[in-house]
Amino acid sequence: MGVQSNAPVIIKRKKIIVSDGHHGGAWKVAYADFVTAMMAFFMLMWLLNATTEKQRKGIADYFSPTIPINRVSGGGDGMFGGTNIFTQEIVAQSGTGGTAFNAPDVAPITAAEDDQAAAAQVAALHDIEETLLGRGGESLLSEKALRHIVTRLTDEGLIIEIFDLDDARLFVDDTAVPTEVASEIAATLARVFALVRNPVAISGHTAARSVVVQQSQVWTLSTDRAEKIRQLLEGGGFPAERVARITGFADRKPVVADPSAIRNNRIEIILLRSDV
């Protein structure tokens, strides 16, 4: 017979607690990527709205270049520094472009050089005026002819205005037949204009006629007189190719308050600036 044990039976119950543990920082990386992608998206939307087609092409070329980018390339060293890396134009912050093998041989004209050219133009026209009127020396025109001339220098060029006087006319009556003084002035102008190469514009003007005058031909007359002066200039050796235009203004641009005044009968010869 076995030995009966009176020892109590002890049952141990172990409670196992399962914790969440450590998930790591992967979610932070994903969130950072999402924020970066959103920033890039909104920047893309802004660029599409705020730039031109040429600027967008420059940006695209900047991020996908086929040649090294440097300070003188079209890509530039700043935002919108140039149109693209292949440009041959001189633009701000882009130098001469990336294709030096096709670079133009002629150097670009600077602002200072442009100002010097404009100043030279003005000086040349001023010299023509001095020569014609005889300021500081003897005039090429007679005293009788000088009474018909006034000059002024404008942005368009040197305007030489020859006009009728009460006691001396440039054309015979209401015709385009020049008088002796008109022929003298035209011949002298042809000689003086030979000193430069500027083109010339000629316009004819007439005084207004009374409304009772029938068949007033002011338009035809002003044009015919301008054309006659052109013929006289060319007859004096002035090259025909330097005549830029012939215009008849009739009585539409009077120079004095009274439209019917004799002073409005005039011819304006403009020695044009070659840089306009």
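Q: Buried means under 20% relative accessible area, exposed means over 50%, and partly exposed lies in between. In this predicted model, why is arginine 230 called buried?

A: The relative accessible area of arginine 230 is 19%. The limit for buried is under 20%, so arginine 230 counts as buried.

Q: What makes glutamate 234 partly exposed?

A: Its relative accessible area is 25%. That value falls between the limits of 20% and 50%, and therefore glutamate 234 is called partly exposed.

Q: How do you know that glutamate 234 and arginine 230 form a salt bridge?

A: The rule asks for a side-chain nitrogen of Lys or Arg within 4 Å of a carboxyl oxygen of Asp or Glu. The side chains of glutamate 234 and arginine 230 meet at 2.7 Å, N to O, so the pair satisfies the rule. The two residues stand four residues apart in helix α6 (residues 218-235), which means that about one helical turn separates them.

Q: How many salt bridges does this rule give, and which residues are joined into one network by bridges that share partners?

A: The count comes to 10 salt bridges. Through shared partners, Arg152, Glu161, Arg263, Arg266 and Glu268 are joined into one network.

Q: What makes the pair of glutamate 161 and arginine 263 a salt bridge?

A: The closest N and O atoms of glutamate 161 and arginine 263 are 2.6 Å apart, and the rule allows a distance within 4 Å. The pair links distant parts of the chain, 102 residues apart: glutamate 161 belongs to strand β2, and arginine 263 to the loop between β4 (243-248) and β5 (266-272).

Q: Are glutamate 161 and arginine 263 buried, exposed or partly exposed?

A: Glutamate 161 has 2% relative accessibility and so counts as buried. Arginine 263 has 24%, and therefore counts as partly exposed.

Q: Why is the pair of aspartate 167 and arginine 147 said to tie together separate parts of the sequence?

A: The two residues form a salt bridge, with the closest N and O atoms 3.6 Å apart. Aspartate 167 lies in the loop between β2 (157-163) and α5 (180-193), while arginine 147 lies in the loop between α4 (143-146) and β1 (149-153), so the bridge ties together parts that are 20 residues apart in sequence. Aspartate 167, at 61% relative accessibility, counts as exposed, whereas arginine 147, at 41%, is partly exposed.

Q: How do you know that asparagine 264 is buried?

A: Asparagine 264 has a relative accessibility of 0%. Buried requires a value under 20%, so the term applies to asparagine 264. Asparagine 264 is found in the loop between β4 and β5, and a polar atom of its side chain lies 2.9 Å from the backbone oxygen of aspartate 258. Leaving aside neighbours within four places in sequence, its contacts include His205, Thr206, Pro254 and Pro259.

Q: Which positive phi values occur in aspartate 173 and alanine 250, and are these residues buried or exposed?

A: Phi is near 50° in aspartate 173 and near 55° in alanine 250; each is a positive value in a residue other than glycine. Aspartate 173 lies in the loop between β2 and α5 and is exposed, with a relative accessible area of 64%. Alanine 250 lies in the loop between β4 and β5 and, at 1%, counts as buried.

Q: Which residues touch the most other members of the largest nonpolar core?

A: Of its 31 residues, these are Ile185, Leu189, Phe193, Ile202, Ile229, Ile269 and Leu271. Helix α5 gives the most to this core, with seven residues. Among the residues that Ile202 touches are Ala226, Ile229, Leu233, Ile246 and Ile269.

Q: What makes phenylalanine 41 fit the rule for a surface patch?

A: A patch takes residues with over 30% relative accessible area and no salt bridge. Phenylalanine 41 has 42% relative accessibility and so counts as partly exposed; this value is over the 30% limit. Phe41 is found in helix α1 (residues 26-50) and belongs to a nonpolar patch of about 1,200 Å², whose members also include Trp27, Tyr31 and Leu48.

Q: How many helices and strands does the protein have, and what pattern do they follow?

A: There are six helices and five strands, in the pattern α-α-α-α-β-β-α-β-α-β-β. Of the 276 residues, 33% count as buried.

Notes: Residues numbered from 1 in each chain as written. Predicted model: local features only at pLDDT ≥ 70, side-chain atom pairs only at ≥ 80, totals over all residues. Heavy atoms only, no water. Patch = residues over 30% accessible without salt bridge, like charges linked within 9 Å, V, L, I, M, F, W, Y side chains within 5 Å. Areas by Shrake-Rupley, 256 points an atom, 1.4 Å probe, with all protein chains shown as cover. Buried < 20%, exposed > 50% of the residue type's maximum accessible area, 1.4 Å probe, protein only. Polar contact = N/O pair within 3.5 Å; in protein donor to acceptor, adjacent residues only side chain to side chain. Contact = heavy atoms within 4.5 Å. Core = buried A, V, L, I, M, F, W, Y, C linked by side-chain atoms within 4.5 Å.
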